[in-house]
Amino acid sequence: MTRQSRPIRLGPRSVIALALTSAVGAASLLWPFFAPPAAAVAGHSQDAPWLFAGLLVLLVAVVGAAIAESGLGAKAVAMLGVLAAAGAALRPIGAGTAGIEPMFFLMVLSGRVLGPGFGFALGSLSMFASALLTGGVGPWMPFQMLSMGWFTMGAGLLPGPHRLRGRGELALLAGYGFLAAFAYGLVMNAQGWPFLPQDIENPTGTSSIAPDPTAGTAANFARFLAYCLATSLGWDLGRALLTVVLTFTLGPAVLKALRRATRRAAFETGVTFEAPKGTPGREAAHRAQITYDGK
């Protein structure tokens, strides 16, 4: 099996930037479960979304710059732009209708074919473009970009990228898409859950699904799961099932098209300028050695 070329190869700086971004994102999502009641962050809960959003935007920009430094050629930029535009255009389809979001299926297949580095860039850029297209810009947008980047990057890390084909590969991608669709929903729930308004009609002054800074980690996890079940389970299930259906029905054709486009683009093949026939002496040797590797 011919080894599939990758338009973005993650180098040490890109990996460090990705790890830093992921760590900050995870801390931004998990702090309500572990912060003690007297923690200063609890007193600034209304400011936290904007602070986290601004920080994540800067860190994602650092990731983009690091990936660009790794040698993102014109052909890779073109493919990234086309797929991000396609993902942004697919997302509004069925918006508000039981989680009908076909862009997830495209992200899974693109990450599988084009690799984890390209997948992270594609997922983040697609969500950014979608937010601009639909007017969904807000403190949640960096978390959407980060979680979709994780989601698409994970597809590029699945086993057997150069060997597994056919129904086995489709089953793997469908299973991953099903689980990742729920994981995406959990991430976005965790982003908004800490700022859930308290139930003022409740005699105790607190809601049974809102975070309670006086409760322990286990109790808050139980409250969070109750919040997910009450608010987004149906939406996440619709997204997951649609991803599975589209993977099995359209997956073979889309995978074939992506792989054909990747082979023809030959991202990792350098462009060589050869001297015309009959050019004499040292000038011919010099011109024959001029190469451009796209970096």
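Accessible areas, as used here, come from the Shrake-Rupley method with a 1.4 Å probe. On that basis the accessible surface of the protein, taken from a predicted model, comes to about 14,800 Å², and 68% of this surface belongs to carbon and sulfur atoms. Of the 295 residues of the protein, 44% count as buried. The protein has 10 helices and two strands, and these elements follow the pattern α-α-α-α-α-α-α-α-α-β-α-β when read along the sequence. Among the contacts in the protein with a separation of 6 or more, 77% are accounted for by residues 24 or more positions apart.

Helix 6, which comprises residues 141-156, is described here together with its helical partners. At 1.5 Å a residue, the 16 residues of this helix should span 22 Å, and the 23 Å between its end C-alpha atoms agrees with that expectation. Helix 6 is also mostly covered, in that 15 of its 16 residues are buried.

Two packed helices are described by the angle between their axes and the distance between the axes. For helix 1 (residues 12-34) and helix 6, the angle is about 125 degrees and the axes lie 11 Å apart. An angle that is neither under 35 degrees, nor over 145, nor from 65 to 115 counts as oblique, and helix 1 and helix 6 are therefore oblique to each other. Helix 1 passes helix 6 in a left-handed crossing. On the side of helix 1 the contact is made by Leu 18, Thr 21, Ser 22, Gly 25, Ala 26, Ser 28 and Leu 29, and on the side of helix 6 by Phe 143, Leu 146, Trp 150 and Met 153. An α-helix has 3.6 residues a turn, so residues three or four places apart point the same way.

Two of the residues in this contact can be followed individually. Leu 18, placed in helix 1, is buried, with a relative accessible area of 8%; its C-alpha atom is separated by 10.0 Å from that of Gly 149, although the two residues are 131 residues apart along the chain. Met 153, whose place is in helix 6, has a relative accessible area of 17% and is buried, the cut-off for this class being under 20%. Leaving aside neighbours within four places in sequence, Met 153 is in contact with Leu 18, Pro 116, Gly 119 and Phe 120. The C-alpha atoms of Met 153 and Gly 117, which are 36 residues apart along the chain, are separated by 6.6 Å.

Helix 6 also packs with helix 4 (residues 103-114), at an angle of about 45 degrees and with the axes 6 Å apart. Helix 4 and helix 6 are therefore oblique to each other, and helix 4 passes helix 6 in a right-handed crossing. The residues that make the contact are Met 103, Phe 104, Met 107, Val 108, Gly 111 and Arg 112 of helix 4, together with Met 148, Phe 151, Thr 152, Ala 155 and Gly 156 of helix 6.

Helix 7 (residues 167-192) packs with helix 6 at an angle of about 160 degrees, with the two axes 10 Å apart. Because angles over 145 degrees count as roughly antiparallel, helix 6 is roughly antiparallel to helix 7. The crossing in which helix 6 passes helix 7 is right-handed. Helix 6 contributes Phe 143, Gln 144, Ser 147, Met 148, Trp 150, Phe 151, Gly 154 and Ala 155 to the contact, while helix 7 contributes Tyr 176, Gly 177, Ala 180, Ala 181, Tyr 184, Val 187, Met 188 and Gln 191.

Ala 174 has its place in helix 7 and is buried, with a relative accessible area of 3%. Apart from neighbours within four places in sequence, Ala 174 is in contact with Val 244, Thr 247 and Phe 248. Ala 174 and Thr 243 are 69 residues apart in sequence, yet their C-alpha atoms are 6.9 Å apart in space.

Phe 224, in turn, lies in helix 8 (residues 217-231) and counts as buried at 7% relative accessibility. When residues up to four places away in sequence are not counted, Phe 224 touches Phe 33, Leu 186, Asn 189, Ala 190 and Trp 193. Phe 224 and Ile 209 are 15 residues apart in sequence and, from C-alpha to C-alpha, 6.4 Å apart in space.

Notes. Residues numbered from 1 in each chain as written. Predicted model: local features only at pLDDT ≥ 70, side-chain atom pairs only at ≥ 80, totals over all residues. Heavy atoms only, no water. Helix = DSSP H or I, 4+ residues; strand = E, 2+ residues; numbered from the N terminus. Buried < 20%, exposed > 50% of the residue type's maximum accessible area, 1.4 Å probe, protein only. Contact = heavy atoms within 4.5 Å. Expected span 1.5 Å × (residues − 1). Axes fitted to C-alpha atoms, helices over the stretch in contact; angles between N-to-C directions. Left-handed = near helix turned anticlockwise from the far one by under 90°.
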